[in-house]
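Biologist: Please take a close look at one part of this model, the shell around the ligand, and then place that part in its wider setting. Which residues are the closest to the ligand?

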Amino acid sequence: MTVTTPPETATAPKPGAAGGLRDVVATTSAISTIDGNLGKLMYRGIDINDLAEHSTFEETTALLWYGDLPNARQLQRFEEKFVANRLIPNEVLSFLLALPRRNTPMGALRTAVSASAAFDPSEGDNSLEANYLKSIRVTSSLPTIVAAWDRIRRGLWPINPRPDLNHAANFLWMLRGEEPSETEARAMDVSLILHADHELNASTFAARVTASTLSNLHSAIVSAIGTLKGPLHGGANEQVMRTLLEIGDINNIEPYMQRAFSEKRKIMGFGHAVYKVDDPRSYWLRKYAHELAAEKGNTKWIEMSEKVREVVQANRPLIVNVDFYSASLYYVMGIPLDLFTPLFAISRVAGWTAHVYEQYSNNKLLRPTAEYIGPLDVPYTPIDERED
Ligand SMILES: CC(C)(COP(=O)(O)OP(=O)(O)OC[C@H]1O[C@@H](n2cnc3c(N)ncnc32)[C@H](O)[C@@H]1OP(=O)(O)O)[C@@H](O)C(=O)NCCC(=O)NCCS
């Protein structure tokens, strides 16, 4: 029996030196870009700080989808379409009601989006126009699905959306059944803006791979939700909050962190694959975490966050990422910990859909190459000759 190994001089392209496709340019895109050294993030060339200061999630979504900021008339029509498509079909609600209550919110969201495809009037039509309509329906309905699932699992009936509230405020209304304060509504709106796109992150890449097979938009979004679900991508801010809860008191931070350092544990909310300076999105989440904590008279968690940052950065050269301050912000807003990742999906769907159009508009099947490291020419052994 002769088993050969691949020649060392194989001409196949090598994976990026750092692995995980880190330094591989997989496609071109005109949607968003990151300068990790300067701590800059831009959507369609506009600085994220300008959008966080002046824009809304609806306007930012229009920017990501159409490439330009809408004028006043266009924005009004766009917002109206968002409001008109918030309700989910009763059949999709029935799917949610049928799920075991122990299902994770991300699992319920993935199932509901997949089921929604069957009830979408444009299902089967992959034209640009149909895809815009599908995108509106998917993006508008994600908060309804997440809020409905949270209430269903708690034995409560879902709350209908309110047409007089914007996307962010309406989500909080459907989740909690009470109108958010101005600070809460704006904090949620800014958080949705900040998470809406981030170049070729793992879930966006998954959406593009699915779209590149010319599969439909719902399938691409389902792939993206499944990818975001993993703790290495969407789950870090939940872990930040769990860490703060575990520490429990500001006086426990120093010894807790020293132990974490000596055990070489990863500190959630710090470090980033691209940013070499603090993530620009953390500035805004920190600002709103402080404002909301003061408004609610519950400053414990943001004070602990500041102390954790002080201790971590005094001991390790680690930057603060987007997940650090969103943890205490969402917690003080009363959002259950396991809804932090679905909340990310509610925002990131704007970017996923923009990337799906971009992929369709200049499609090439995404199909990378693996460097084969297994044996070659292995003879087939008949089953009765194999060892027990
Ligand atoms: C995001 C993350 C996966 C990026 O990892 P990465 O690409 O390996 O980051 P770097 O190459 O900059 O890491 C450099 C060093 O810092 C360490 N490091 C990075 N982030 C760290 C963290 N949060 N806590 C402790 N050490 C960390 C790495 O282990 C590495 O150490 P080594 O050289 O001794 O092996 C990583 O920072 C991480 O796991 N952070 C915590 C989870 C998190 O907050 N994720 C949300 C990202 S938005």
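Modeller: For the classes used here, Ala, Val, Leu, Ile, Met, Phe, Trp, Tyr, Cys and Pro count as nonpolar, Asp, Glu, Lys and Arg as charged, and the others, Gly among them, as polar. On that basis the shell around the ligand comprises 7 nonpolar, 4 polar and 2 charged residues. The model is predicted. In it, 13 residues surround the ligand, and the closest are Ala236, Ile267, Phe270, Gly271 and Asn321. These five numbers fall within the range of domain 2 (236-332).

The wider setting begins with the division of the protein into domain 1 (57-233 + 349-361) and domain 2 (236-332). Their C-alpha centres are 28 Å apart. Where the two domains touch, 7 residues of domain 1 are in contact with 10 residues of domain 2. The side contributed by domain 1 holds 3 nonpolar residues, 3 polar residues and 1 charged residue.

Within the range of domain 2, helix 14 deserves attention. Helix 14 runs over residues 300-315, which gives 16 residues, and its first and last C-alpha atoms are 23 Å apart, close to the 22 Å expected at 1.5 Å a residue. Its buried residues are Ile302, Met304, Ser305, Val308, Arg309 and Val312. They lie on the same side of helix 14, because they cover an arc of only 155° around the axis. In an α-helix there are 3.6 residues a turn, so residues three or four places apart point the same way. The partners that the buried residues of helix 14 pack against are helix 11 (236-247), helix 12 (253-262), helix 13 (280-296) and helix 15 (322-332). Ala236, among the closest residues to the ligand, carries the number at which helix 11 (236-247) begins.

Two further positions complete the picture. Ile88 sits in the loop between helix 3 (72-84) and helix 4 (90-98). This residue counts as buried because 24 other C-beta atoms lie within 10 Å, the threshold being 20 or more. Beyond its neighbours within four places in sequence, Ile88 is in contact with Leu93, Ser116, Ser141, Thr144 and Ile145. From C-alpha to C-alpha, Ile88 is 34 Å from Gly269, with their positions 181 residues apart in sequence. Arg367, by contrast, is placed in the segment after helix 16 (340-361). Arg367 is exposed, since 8 other C-beta atoms lie within 10 Å, and the limit for that class is 12 or fewer. The C-alpha atoms of Arg367 and Glu53 are 39 Å apart, and the two residues are 314 residues apart along the chain.

Notes
Residues are numbered from 1 along each chain as its sequence is written. This is a predicted model: local features need pLDDT of at least 70, side-chain atom pairs count only at pLDDT 80 or more; totals for chains, interfaces and linings use all residues. Domain bounds come from an automatic or database domain assignment. Helices (H or I, at least four residues) and strands (E, at least two) are DSSP runs, numbered from the N terminus. The expected span of a helix is 1.5 Å times one less than its number of residues. The arc is that of the directions from the helix axis to the C-beta atoms. A residue is near a molecule or strand if its C-beta atom, placed from the backbone, lies within 6 Å of it.
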